[in-house]
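I am opening my notebook to record what I looked up in one structure, entry by entry.

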Amino acid sequence: MTKYQDITVNGVTVRLYRLSAKQQHDIVNQYFFPITTQANELVNVIIRNPQNQIAIASAIAEAVNKFMPANKRDELIFKHLMPSVKVVAVGIEVEYCSTKGEITCEELNNIKSLYKITYEALKFNFEDFFTDWLNENKLS
């Protein structure tokens with residue numbers, strides 16, 4: 001597994017660092033498992049349509065909205081994910097987001113960029129886990 005992945009958002013290089021196993025566990029335990037265990041419809045959509053990314057994304061968004069209040073979503077994004085995100089300019093890394101949630105790069109200071117980066121950080125850190133977990137709980 002790679003330690004980091006570079007993506008480009010609005011022409012800006014953004015570096016996503018892999019979270020530690022403990023950080024990943026904390027996120028899964030505190031945020032994702034409560035959603036999946038309480039949202040039977042989410043699990044049913046995933047089981048019925050494992051290849052339908054739009055149906056799965058819709059079900060996840062609905063479950064998150066229903067079972068994760070706004071303050072928990074903020075905590076997940078700004079406390080757990082954004083500290084692992086850096087902006088790369090001229091070979092130098094700078095924080096993407098301050099500890100108060102202020103975006104430090106003007107080109108990325110919009111909701112679309114924030115959610116794109118959040119999605120990519122989640123995907124980078126959890127895609128393998130959830131792919132295996134949803135495939136009959138076979139973690140390999």
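The entries below go through the helices, a pocket and the cysteines in turn, and I note at the start that the model is predicted.

**Entry on helix 3**

I began with helix 3, which runs over residues 53-67 and has 15 residues. From its first C-alpha to its last I read a reach of 21 Å, close to the 21 Å expected at 1.5 Å a residue. Which residues of helix 3 are buried? I found I56, A59 and A63. They cover an arc of only 65° around the axis, and therefore they sit on the same side of helix 3. I reminded myself of the rule behind such a pattern: an α-helix has 3.6 residues a turn, so residues three or four places apart point the same way. Turning to the other side of helix 3, I listed Q53, I54, E62 and N65 as exposed. At the N-terminal end I noted that N52 caps helix 3, with a side-chain oxygen that lies 3.2 Å from the backbone nitrogen of I54.

**Entry on helix 4**

Next I took helix 4, residues 70-81, and checked its span in the same manner. Its twelve residues should span 16 Å at 1.5 Å a residue, and the end C-alpha atoms are 15 Å apart, which agrees. The buried residues here are L76, I77, H80 and L81. Because they cover an arc of only 120° around the axis, I place them on the same side of helix 4. On the other side of helix 4, I wrote down N71 and K79 as exposed.

**Entry on I27 and L76**

I then followed L76, one of the buried residues of helix 4, to a residue elsewhere in the chain. I27 lies in helix 1, and I27 is buried, with a relative accessible area of 0%. How far apart are I27 and L76 in sequence and in space? They are 49 residues apart in sequence, while their C-alpha atoms are 7.4 Å apart in space.

**Entry on the second largest pocket**

For the second largest pocket I noted a volume of about 160 Å³. Its lining includes M1, R18, Q24, H25, V28 and F33, and I also found F124, N125, F126, E127, D128 and F129 in the lining. Helix 1 (21-38) and helix 5 (111-134) each supply at least two residues of this lining. Which helix gives the most to the lining? I found that helix 5 does, with six residues.

**Entry on T118**

While looking at helix 5, I stopped at T118, which lies in that helix. T118 is buried, with a relative accessible area of 7%. A polar atom of the T118 side chain lies 2.8 Å from the backbone oxygen of L114, so I recorded this contact together with the burial of T118, which is under the 20% cut-off.

**Entry on the cysteines**

Last, I asked how many disulfides a search of the whole structure finds. The search finds zero. C97 is in no disulfide, and the nearest cysteine sulfur, that of C105, is 12 Å away. C105 is likewise in no disulfide, with the sulfur of C97 as its nearest cysteine sulfur, 12 Å away. Why do these two not count as a pair? A disulfide needs cysteine sulfur atoms within 2.5 Å, and the 12 Å noted for C97 and C105 does not meet that, so I leave them unpaired. I added that C97 is buried, with a relative accessible area of 7%, and that C105 is buried too, at 11%.

Key:
Residues numbered from 1 in each chain as written. Predicted model: local features only at pLDDT ≥ 70, side-chain atom pairs only at ≥ 80, totals over all residues. Heavy atoms only, no water. Buried < 20%, exposed > 50% of the residue type's maximum accessible area, 1.4 Å probe, protein only. Helix = DSSP H or I, 4+ residues; strand = E, 2+ residues; numbered from the N terminus. Expected span 1.5 Å × (residues − 1). Arc of directions from axis to C-beta. Polar contact = N/O pair within 3.5 Å; in protein donor to acceptor, adjacent residues only side chain to side chain. 1 Å grid on protein atoms, 1.4 Å probe; cavity = no way out; pocket = protein on both sides within 12 Å on 5 of 7 lines; lining within 4 Å. Points joined across faces, edges and corners; volume = space filled by probe spheres on them.
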